[in-house]
Amino acid sequence: MIVKAPAKINLFLEILNKRPDGYHNIESVMHTVSLFDIIEFSPVMEDKIELICDNVELSSDVKKNIVYKAAEKIKQQYNIKQGIKIKLTKNIPMGAGLGGGSSDAAATILALNKIWNINDDIKNLELLGAKLGADVPFFMTGGVAKISGIGDIVEKINAKLNLDFILVKPNFGVSTPYAYSRVKFPLTNFHKISKIINNLEKGMFDFESAKDLFFNRFEDFIFDEYQEIKQIKEVLEDLGCASLMSGSGATVFGLVHDKENIDFILNELKKCGWNVWVASSFEVSK
């Protein structure tokens with residue numbers, strides 16, 4: 001079985017407060033897009049998990065990889081005595097704010113649920129995924145969703161989007177724990193998530209509304225320290241895109257107003273030496 005694990009972008013991200021356990025409560029709107037890691041699953045006779053990854057950083061100790069942990073978790077949860085060989089091809093960059101690791105974990109759980117004939121329902125699988133990472137439950141269904149709590153509460157938004165994006169990442173990443181460590185309280189002028197959700201549900205989400213509704217609180221703290229990320233956003237806006245940093249960075253995405261301009265925008269961005277991908281709205285199929 002070969003599956004695609006999609007990236008996500010955050011159309012909205014507000015940080016509400018810091019919890020006693022050290023985590024932060026957030027409100028966000030996430031949207032899966034068509035940049036994929038590819039994961040290939042092959043059953044094996046021996047009762048073991050074998051993981052091969054084309055990324056050197058991830059292949060040095062595969063037992064620390066979230067894909068390996070996901071396979072191990074589902075074996076333990078359902079007392080599976082079968083083995084699996086997994087080949088992970090990474091296309092989603094790390095430290096990018098695109099959720100690649102969480103998406104890989106969700107795709108692994110969904111695939112093994114079928115391969116091993118567990119056939120548990122999605123809610124139980126989401127609970128299992130939440131033990132691996134806060135974003136994992138979202139990737140079980142993907143599409144567009146409101147995210148709250150520490151990222152583990154997922155409410156689907158009935159929005160069928162068909163948008164085109166350009167994703168741009170500098171030649172470095174931003175650690176999510178580090179990004180949260182830069183957040184300073186109290187925060188003022190809380191942005192409300194309700195308006196962007198209303199527009200999405202009513203089918204009124206277009207280029208003009210996006211420019212007003214896109215919001216990411218992390219930009220307040222990351223741009224001061226990583227000027228190049230801020231520069232990417234400014235260049236995208238100068239090229240006519242509605243633009244926002246995704247997650248805690250380092251990727252910035254631009255919503256393309258006119259699809260015919262994509263090649264021109266790509267060429268201009270590549271002149272800056274940045275990593276660039278074209279992606280579009282993507283719905284996860286179960």
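Student: Is Glu219 buried or exposed in this structure?
Tutor: This is a predicted model, and in it Glu219 belongs to helix H9, which covers residues 219-225. The relative accessible area of Glu219 is 11%, and a residue counts as buried when that value is under 20%. Because 11% falls under that cut-off, Glu219 is buried.

Student: Which residue makes a polar contact with the side chain of Glu219?
Tutor: If we leave aside the neighbours within four places in sequence, Glu219 is in contact with Lys233, Leu244 and Met245. Among these, the residue whose side chain makes a polar contact with the side chain of Glu219, at 2.8 Å, is Lys233.

Student: Which residue in E10 does Met245 stand opposite?
Tutor: Met245 is one of the residues of strand E9, residues 242-245, where Ala242 and Leu244 on one side and Ser243 and Met245 on the other are all buried, and both faces are thus covered. Strand E9 runs antiparallel to strand E10, residues 252-255, and 4 bridges join them. Within this pairing, the residue opposite Met245 is Val252.

Student: Which residue in the turn between E9 and E10 has a positive phi?
Tutor: E9 and E10 form a hairpin, with 6 residues between the two strands. In that turn, the residue with a positive phi, of about 55°, is Gly247.

Student: Do E3 and E4 run parallel or antiparallel?
Tutor: Strand E4, residues 83-89, also pairs with E2, and that pairing is antiparallel over 7 bridges, with Pro43 standing opposite Ile84 in E4. On the E3 side, Glu50 stands opposite Lys85 in E4. Strand E3, residues 49-53, is joined to E4 by 5 bridges, and the two strands run parallel.

Student: How many residues of the lining of the largest pocket are charged?
Tutor: The largest pocket has a volume of about 1100 Å³, and 45 residues line it, of which Gly99, Ser102, Asp135, Thr176 and Pro177 lie nearest its centre. Among the elements that each supply at least two residues of this lining are strand E1 (2-18), strand E2 (24-44) and helix H3 (100-115). When the lining residues are divided by kind, 19 are nonpolar and 18 are polar, and the number that are charged is 8.

Key:
Residues numbered from 1 in each chain as written. Predicted model: local features only at pLDDT ≥ 70, side-chain atom pairs only at ≥ 80, totals over all residues. Heavy atoms only, no water. Helix = DSSP H or I, 4+ residues; strand = E, 2+ residues; numbered from the N terminus. Buried < 20%, exposed > 50% of the residue type's maximum accessible area, 1.4 Å probe, protein only. Polar contact = N/O pair within 3.5 Å; in protein donor to acceptor, adjacent residues only side chain to side chain. Contact = heavy atoms within 4.5 Å. 1 Å grid on protein atoms, 1.4 Å probe; cavity = no way out; pocket = protein on both sides within 12 Å on 5 of 7 lines; lining within 4 Å. Points joined across faces, edges and corners; volume = space filled by probe spheres on them. Nonpolar A, V, L, I, M, F, W, Y, C, P; charged D, E, K, R; others polar. Pairing = 2+ DSSP bridges.
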